[in-house]
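Subject: Structure handover

Hi,

Here is the structure I said I would pass on. Have a look at it first, and then read on for what turned up.

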Amino acid sequence: MNEISAITVEPAGCSDAPVLKERGQREVFCGLTGIVWLHRRIQDAFFLVVGSRTCAHLLQSAAGVMIFAEPRFATAIIDERDLAGLADANDELDRVVTRLVERRPEIKLLFLVGSCPSEVIKLDLSRAALRLGRKFGADLRVLSYSGSGIETTFTEGEDACLASLVPVLPASDAAQLMVVGTVAEIVEDQFRRYFSELGIHDVGFLPPRRAGELPAVGKGTFFLLAQPFLANTALELERRGAERIAAPFPLGVEGTLAWFEAAAQKFGISQARCRAVLDAPAERARQALARCRITLAGRKVFFFPDSQLEIPMARFLARELGMTLSEVGTPFLHREHLAEELALLPRGTFLSEGQDVERQLDRCDEEKPDLVVCGMGLANPLEARGFTTKWSIELVFTPVQGFEQAADLAELFARPLRRRALLKV
Ligand code: SF4
């Protein structure tokens, strides 16, 4: 049954806004999807899904076929024989991994990725990772995580992957900053430059570009989340003594500015230095947004829960581009990590958590939004009903964080509206 929690105190923005919580049929992809952007980020890692043909199809259709490069992900298919317990899946897995390592000595980090089938047959991939790690020694680090999908969202795969890396990060109690969450290389370079100009020089990124560049962690580590779906990774980092810097996410000009300022404050950097470093790129980014504002201002947007990026995106679209928020649905609402975002959302925004897809489709019909942000599975049916849609998965495939990407992010939402307008002519 649907429940609406009560407002108890006078909140800032939507800090204590009521949230419609739904538990019904959901339309989401599983965590295997994260491999698509993670394998691009960690350039000497390999992701071996231990799964079924369905898992292989999902990966293939989400990632496409690599023509010019050797693939860095694959699926070890568990067939019916394994499911019936007739074959020793562990022996088979060891054979597959040995063949892979012999053929691809450049691989330095191997993730064994669990799936629904591997969990059904209770294949213990963490033990397999330990066993294989011992076998290959210092040349290859072997880790495992689950990408299986019954009760998850597609971005949780990244959270599980990064959480599996935290225990193997080198230890250091030196004062340092860690940026947590996959960002494109161009975004990493920009972030490093601004941090350096601010006076923060010891900055690590998780995940790094290469397995040998894992950032250190310890009591002197402060970390900034670059993505809002990393609850378990944050917990693991805190267990190792690191402290999260509370901030909005670096999406749009306002979010990026507040994100850098939160780090600067933690490292004792003056307001004057922040203004000297950040004001000019922030102003350039505001000007770049103007073109999209013409298309987006006053238009109504509805978010189906999919990526966990919905709340920061809604904040950006409402505050910097003048869009009207209809429903903002998110698969999970992490109140602590999203506190600064919720405070910035326009008061009265309709928030929902979880999904009962039929009811939500009815609400979408009633609201008649100009733009619907949703998963790939819902986009086609909604387009057929006359709605203009944006796939939320594009928000993790595209470099969107930081000042220089703010206009590109706005463009992702403006483009479908312009295309629809052209089709109507
Ligand atoms: S939901 Fe399960 S079976 Fe389907 S692709 Fe994902 S891991 Fe494989």
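Let me start with strand β14 (residues 371-374), where the side chains alternate: Leu371 and Val373 point one way, Val372 and Cys374 point the other way, and all are buried. Before going further, please keep in mind that this is a predicted model.

β14 has a partner in β11 (residues 300-303), and the two strands run parallel over three bridges. Within that pairing, Phe303 has Val373 of β14 as its bridge partner. β14 also pairs with β15 (residues 389-391), again in parallel and with three bridges. There, Cys374 sits opposite Trp391 of β15. Helix α15 (residues 376-384) completes the picture, as β14, α15 and β15 form a right-handed β-α-β unit.

Going back along the chain from β14, you get to the loop that links α14 (357-367) to this strand, and Lys368 is in it. Lys368 isn't a glycine, yet its phi is positive, at about 50 degrees. Most non-glycine residues have a negative phi. Is Lys368 buried or exposed? It is exposed, because the count of other C-beta atoms within 10 Å is 11, and 12 or fewer is the cut-off for that class.

Lys122 is another one to check for backbone angles: its phi is near 55 degrees, positive in a residue other than glycine. You'll find Lys122 in the loop between α5 (116-120) and α6 (125-136). Lys122 has 8 C-beta neighbours inside 10 Å, so it counts as exposed.

If you plan to set up peptide bonds by hand, note the cis one between Leu206 and Pro207, with omega about 0 degrees. Pro207 belongs to the loop that runs between β8 and β9.

Those strands are part of an open sheet with four members, ordered β8-β7-β9-β10 and paired in parallel. Its edges are β8 (203-206) and β10 (243-244), each of which pairs on one side only. β10 is joined to β9 (residues 221-225) by two bridges, in the parallel sense; one residue to look at here is Phe222, whose bridge partner in β10 is Glu243.

On to the domains. The assignment for the protein chain lists domain 1 (3-27 + 280-424), domain 2 (31-152) and domain 3 (176-275). Domains 1 and 3 have their C-alpha centres 24 Å apart, and their contact involves 27 residues of domain 1 and 24 residues of domain 3. Which helices supply at least two residues each to the side of domain 1 that touches domain 3? They are α11 (271-296), α12 (310-321), α13 (339-344) and α17 (406-424). α12 has the largest share, with five residues. By class, that side of domain 1 has 15 nonpolar, six polar and six charged residues.

Last, the ligand, which is probably where you'll want to look. Around it are Cys30, Leu32, Gly51, Ser52, Thr54, Cys55, Leu58, Ser115, Cys116, Gly147, Ser148 and Gly149. Which helix gives the most to this shell? That is α2 (residues 53-63), with three residues. The shell has five nonpolar and seven polar residues, and no charged ones.

That's what I have. Shout if anything is unclear.

Cheers

Methods. Residues numbered from 1 in each chain as written. Predicted model: local features only at pLDDT ≥ 70, side-chain atom pairs only at ≥ 80, totals over all residues. Near = placed C-beta within 6 Å. Nonpolar A, V, L, I, M, F, W, Y, C, P; charged D, E, K, R; others polar. Pairing = 2+ DSSP bridges. Domains from an automatic or database assignment. Contact = placed C-beta atoms within 7 Å. Buried ≥ 20, exposed ≤ 12 C-beta atoms within 10 Å, placed from the backbone. Right-handed = clockwise from strand over helix to strand, strands pointing away.
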